[in-house]
Amino acid sequence: MSSVTLEEVASLQREFDWVLNVEVDTVLSQLRAAVGECAGKFPITVGDTNTERGPQSDKFVLTNTDQLKVIVTLTGDCISAADINLKLPRPHTKDAYHNTTVREDLPWMLQQVQDSANHLLMAADALQTLPEEHKFSSAAEVSHFLSTVMSSLQRARQALVVPKKRTLEDLVNSKNVKSLVPPLPREVAVSFYLQSWKLIFAVYHMVTDKGVSRFDRYQAECVVPWVNDVLLLLTVSLQTAQQLRDKLDIFQQYKQEIRLCRE
């Protein structure tokens, strides 16, 4: 950029040196604190975090007018107990009533919680294994490190926000279905999953109307406070890292004029 004066180049160099020598350490400390606090919000162990704490249990009620009523106990990364009452409309005949429970000895696993915790642990490990006296040698090295951490944080967030797509066959044959006592009939498939800060219970009911089969879908949900806290802290962590990356990207525009590495 030929329009940059010598004075501006000197000022930019001083600012970059300060970012590399001071601000990077500050931001990484903030990231470690936010990731550690985030791990502490999980109801399961995340590496060495929460090892002293017993399993947390919370009870929630999920309802949808008069079709679904579900009372669940959420313990750690599973539904340890549930009372499920379904009243499902059927064309040209009486409603179908189904009542079932989740067995305490065979809980319904919410794999999303463990997946998210695993990705968060990868971010925490990257931050913790960096020696405290480590000094990054260049903007490129900092950007590469931040990319690694942010990738794990984004996957941790994604695991909670975007549940994996399942076919109806997947739901009917899921090992979680073995948790239900008594079992539901084959024309009814159910699923528990997290989507953002909500626990969702979905029901798929196969009905036949005038010779044509279809699946009717019903849903009940509730807010899970700890998931909300985790997502907030993941967002804060990602924004903290992104702001530093953006700053380094601005300096990259002047790579012909200033030195983007340690002297």
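**Before the close-ups.** A residue is called buried when its relative accessible area is under 20%, exposed when that area is over 50%, and partly exposed in between, using a 1.4 Å probe and protein chains only. This is a predicted model, so local features need pLDDT of at least 70 and side-chain atom pairs count only at pLDDT 80 or more, while totals for chains, interfaces and linings use all residues. Residues are numbered from 1 along each chain as its sequence is written, and side-chain values use heavy atoms, with hydrogens and water left out.

**Overview: the protein chain has 5 helices and 9 strands.** Helices (H or I, at least four residues) and strands (E, at least two) are DSSP runs, numbered from the N terminus. Follow the sequence along and you get α-β-β-β-β-β-α-α-α-β-β-β-β-α. The C-alpha atoms fill a box of roughly 85 × 45 × 30 Å, taken along the principal axes. The radius of gyration of the protein chain is 25 Å, whereas a compact globule of 263 residues would come in near 18 Å; the radius is taken over C-alpha atoms, and the globule rule is 2.2 Å times the number of residues to the power 0.38. Of the 263 residues, 44% are buried. Take the contacts (heavy atoms within 4.5 Å) between residues at least 6 apart in sequence: 63% of them join residues at least 24 apart.

**Close-up: helix 2 packs with helix 3.** Two packed helices are described by the angle between their axes and the distance between the axes. Here helix 2 (residues 111-128) and helix 3 (residues 139-161) pack at about 165 degrees, with axes 7 Å apart. That makes the pair roughly antiparallel, a label for angles over 145 degrees; under 35 counts as roughly parallel, 65 to 115 as roughly perpendicular and the rest as oblique. The axes are lines fitted to C-alpha atoms, for helices over the stretch in contact, and angles run from 0 to 180 degrees between N-to-C directions. The crossing of helix 2 and helix 3 is left-handed, in that the near helix is turned anticlockwise from the far one by less than a right angle; clockwise would be right-handed. Residues in the contact include His119, Leu120 and Met122 from helix 2, along with Phe145, Val149 and Arg155 from helix 3. Sorted by class, the contact has 12 nonpolar, 4 polar and 2 charged residues. Nonpolar covers Ala, Val, Leu, Ile, Met, Phe, Trp, Tyr, Cys and Pro, charged covers Asp, Glu, Lys and Arg, and the others, Gly among them, are polar.

**Close-up: Leu12, in helix 1, touches Phe251, Tyr254 and Ile258, leaving aside neighbours within four places in sequence.** Leu12 is buried, with a relative accessible area of 16%. Leu12 and Arg259 are 247 residues apart in sequence, yet 9.7 Å apart in space, C-alpha to C-alpha.

**Close-up: Glu37 of helix 1 (residues 6-41) sits 9.8 Å from Leu234, C-alpha to C-alpha.** These two are 197 residues apart in sequence. Glu37 is partly exposed, with a relative accessible area of 45%. In the same spirit, look at Thr240 in helix 5 (residues 225-252). Thr240 is buried at 16% relative accessibility and, not counting residues up to four places away in sequence, touches Val27, Gln30 and Leu31.

**Close-up: Ser143 in helix 3 is buried, at 16% relative accessibility.** Its C-alpha atom is separated by 8.6 Å from that of Leu244, 101 residues away along the chain.

**Close-up: His98 is tucked into strand 4 (residues 96-102).** At 15% relative accessibility, His98 counts as buried. Not counting residues up to four places away in sequence, His98 touches Ile84, Asn85, Leu86, Leu88, Leu184, Pro185 and Val188.

**Close-up: some backbone oddities, starting with the cis peptide bond from Val181 to Pro182.** Most residues other than glycine have a negative phi, and most peptide bonds are trans. The Val181 to Pro182 bond has omega near -5 degrees, and Pro182 lies in the loop between strand 6 (180-181) and strand 7 (188-195). Asn50 has a positive phi of about 75 degrees; look for Asn50 in the loop between helix 1 and strand 1 (57-64). Lys210 has a positive phi too, near 55 degrees, and belongs to the loop between strand 8 (198-209) and strand 9 (212-223). Buried or exposed? Asn50 is buried at 13% relative accessibility, while Lys210 is exposed at 75%.
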